[in-house]
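Notebook open, model loaded. I want to start from one loop residue and work outwards to the surface and the whole chain.

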Amino acid sequence: DLTKLIKTNEIKFHLSTKDRLDGMVSNKKHQGVVAIIRASQNSYVTIEDIIEENNGKTFLFLILDGVIDPHNLGACFRVADAMGVDALICPKDNAVGLNATVKKVACGGAESVPFVVVTNLARTIRYLKDSNVFIYGTDNDAKKTLSETKFEGSVALVMGSEEKGMRRLTKELCDDIFSIPMMGKVESLNVSVASGICLYEIKRQNF
């Protein structure tokens, strides 16, 4: 099927050995296929581009405040794609970037969901607030739960880092903060799982 797809799209290809493919990707797992892809000219966009080009739209954004594990970022891209997120926003520093591991785990989500990298997350959140986007943060210690939270209009969901959660200033900028009720013995969830739960509830209520 892959060979047919390659030929249909007139893509150049070469049959190769496993050893050669291993060398091309530094012995990382490749599942028998390696593609050399020209980088997209629009790999990175700005949040201003998205807001201004879609005036009047009800937006849904996912903000990751310091996620450093590429597997977590990749899984968040996958969740964001499934839930129709308009952009995934991450700080430039102290966070993982868009690397090969992220793209593989994302299973196409990193190509379909715009990735906005910002130098100052607080400034970006303030811009979103000025653009009538309501900022919701998640915190394990919040008394209000997800089911008790009402989502209206354009929404940006903020998820904290794997170990420390949201930074202090990020939390202070949130319009509302809620927790995900845990009914079992596990105390916390993976950031991508938590994102999926929250985004689904936001979509159920608001879109």
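**Entry 1: Glu152**

I started with Glu152, which sits in the loop between strand E4 (133–138) and strand E5 (154–160). Note to self: this is a predicted model.

Is Glu152 buried or exposed? I get 53% relative accessibility for Glu152, so I put it down as exposed, the cut-off being over 50%.

Next I looked for what Glu152 touches, skipping residues up to four places away in sequence. Tyr136 and Asn206 came up.

I also checked Glu152 against Ile51. They are 101 residues apart in sequence, and their C-alpha atoms are 17 Å apart in space.

**Entry 2: the acidic patch**

Which residues gather in a patch of negative charge on the surface? I wrote down Glu48, Asp49, Glu52 and Glu53.

I picked Asp49 from that group and placed it in helix H3, residues 47–53. Asp49 comes out at 32% relative accessibility. I call Asp49 partly exposed because that value falls between the 20% limit for buried and the 50% limit for exposed.

**Entry 3: the nonpolar patch**

I then went looking for greasy surface. Met182, Val186, Leu189, Val193 and Ile197 make a nonpolar surface patch of about 380 Å².

Where does Val186 lie? I found it in the loop between strand E6 (176–178) and helix H9 (191–206). With a relative accessible area of 55%, Val186 is over the 50% cut-off, so I count it as exposed.

**Entry 4: the whole protein**

Stepping back, I noted the overall numbers. I count nine helices and six strands in the secondary structure. The C-alpha trace spans about 55 × 45 × 30 Å along its principal axes.

How much of the protein counts as buried? I have 41% of the 207 residues in that class. The exposed area is about 13000 Å², with carbon and sulfur atoms supplying 49% of it.

For contacts, I took pairs at least 6 apart in sequence; 76% of those join residues at least 24 apart.

Last, the charges. The protein has 26 positive and 26 negative charges, and their mean positions are 5 Å apart.

**Entry 5: recap**

I leave the page with two surface patches. One is negative and includes Asp49, which is partly exposed. The other is nonpolar and includes Val186, which is exposed. Glu152, my starting point, is an exposed loop residue that touches Tyr136 and Asn206.

Notes: Residues numbered from 1 in each chain as written. Predicted model: local features only at pLDDT ≥ 70, side-chain atom pairs only at ≥ 80, totals over all residues. Heavy atoms only, no water. Patch = residues over 30% accessible without salt bridge, like charges linked within 9 Å, V, L, I, M, F, W, Y side chains within 5 Å. Areas by Shrake-Rupley, 256 points an atom, 1.4 Å probe, with all protein chains shown as cover. Salt bridge = Lys/Arg side-chain N within 4 Å of Asp/Glu carboxyl O. Helix = DSSP H or I, 4+ residues; strand = E, 2+ residues; numbered from the N terminus. Buried < 20%, exposed > 50% of the residue type's maximum accessible area, 1.4 Å probe, protein only. Contact = heavy atoms within 4.5 Å. Lys, Arg positive; Asp, Glu negative; His and termini not counted. Charge placed at Lys NZ, Arg CZ, Asp CG, Glu CD.
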